[in-house]
Amino acid sequence: FSGSSMAETFKKPAIETPHGVILDGLKLIKEGKFDNWIQKHCSKEKKCFNAQTNAALKRYNLPAIQRRAGKCIKDDDTIEVTRTDKISETELKIFLQCEPTAMPVPFWLIKEGTVWKFSNI
């Protein structure tokens with residue numbers, strides 16, 4: 001079940017945290033800075049491993065997320081997390097409440113070295 005009463009709010013999370021990566025990534029996507037997002041936040045192992053995958057992301061996935069990104073970022077650089085699934089020590093699935101009447105949106109993260117990256121979108 002969802003709803004803001006169950007959500008945990010993260011206001012201006014640190015960039016090195018999973019929540020900070022999601023927030024910064026969504027801001028880049030919202031602004032249409034897809035190349036910056038790929039460079040900075042996309043897993044080179046799982047998602048952005050060659051020109052074809054990057055081109056497909058820019059054509060399909062990122063524009064779809066761009067339409068919702070602004071709704072996922074609340075006032076003052078805040079995100080609402082409804083659930084976090086710890087898949088492993090280095091993999092997380094974090095659900096954001098983007099719209100009050102919609103289901104939470106999942107974001108998959110993987111830790112590459114010391115940095116969290118999007119492994120799917």
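**Exercise 1. Find which residues N54 touches beyond its sequence neighbours, and decide whether N54 is buried or exposed**.

Solution. Leaving aside residues up to four places away in sequence, N54 touches I38, C48 and F49. The structure is a predicted model. N54 is part of helix α3, residues 51–72. The relative accessibility of N54 is 18%, and the cut-off for buried is under 20%. N54 therefore counts as buried.

**Exercise 2. Check the span of helix α1 against the expected value, then judge how far α1 is enclosed**.

Solution. Step one is the length. Helix α1 covers residues 18–30, which is 13 residues. The expected span is 1.5 Å times one less than the number of residues, so these residues should span 18 Å. The end C-alpha atoms of α1 are 18 Å apart, in agreement with that value.

Step two is burial. The buried residues of α1 are P18, H19, G20, V21, I22, L23, D24, G25, L26, L28 and I29. That is 11 of the 13 residues, so α1 is largely enclosed by the rest of the structure.

Step three is the end of the helix. Just after α1, G32 has a positive phi of about 75 degrees.

**Exercise 3. Determine which residues of α2 are buried, how they are placed around the axis, and what covers them**.

Solution. In helix α2 (residues 34–41), the buried residues are F34, W37, I38 and H41. They lie on the same side of α2, because the arc they cover around the axis is only 110 degrees. The spacing can be set against a general rule. An α-helix has 3.6 residues a turn, so residues three or four places apart point the same way. The cover over the buried residues of α2 includes α1, α3 and β5 (115–120).

**Exercise 4. Describe how α2 and α3 are oriented and which residues meet**.

Solution. The axes of α2 and α3 come within 10 Å of each other and cross at roughly 105 degrees. Angles of 65 to 115 degrees count as roughly perpendicular, and α2 and α3 are therefore roughly perpendicular to each other. On the α2 side the contact involves F34, D35, W37 and I38; on the α3 side it involves N54, L57, K58, L62, P63 and Q66. Sorted by type, the residues of this contact are six nonpolar, two polar and two charged.

**Exercise 5. Place L62 in the structure: state its element, its burial and its contacts**.

Solution. L62 belongs to helix α3. Its relative accessible area is 0%, so L62 is buried. Not counting residues up to four places away in sequence, L62 touches I29, F34, W37, I38, L57 and I121. L62 and L26 are 36 residues apart in sequence, and their C-alpha atoms are 9.8 Å apart in space.

**Exercise 6. For K12 and D76, give the phi value, the location and the exposure**.

Solution. Begin with the general expectation. Most residues other than glycine have a negative phi. K12 is not a glycine, yet its phi is positive, at about 45 degrees. K12 sits in the loop between β1 (8–11) and α1. Its relative accessibility is 52%, so K12 counts as exposed.

D76 is likewise not a glycine and has a positive phi of about 65 degrees. The loop that holds D76 runs between α3 and β2 (78–88). With a relative accessible area of 41%, D76 is partly exposed.

How values were computed:
Residues numbered from 1 in each chain as written. Predicted model: local features only at pLDDT ≥ 70, side-chain atom pairs only at ≥ 80, totals over all residues. Heavy atoms only, no water. Helix = DSSP H or I, 4+ residues; strand = E, 2+ residues; numbered from the N terminus. Buried < 20%, exposed > 50% of the residue type's maximum accessible area, 1.4 Å probe, protein only. Contact = heavy atoms within 4.5 Å. Arc of directions from axis to C-beta. Axes fitted to C-alpha atoms, helices over the stretch in contact; angles between N-to-C directions. Parallel < 35°, antiparallel > 145°, perpendicular 65-115°, else oblique. Nonpolar A, V, L, I, M, F, W, Y, C, P; charged D, E, K, R; others polar.
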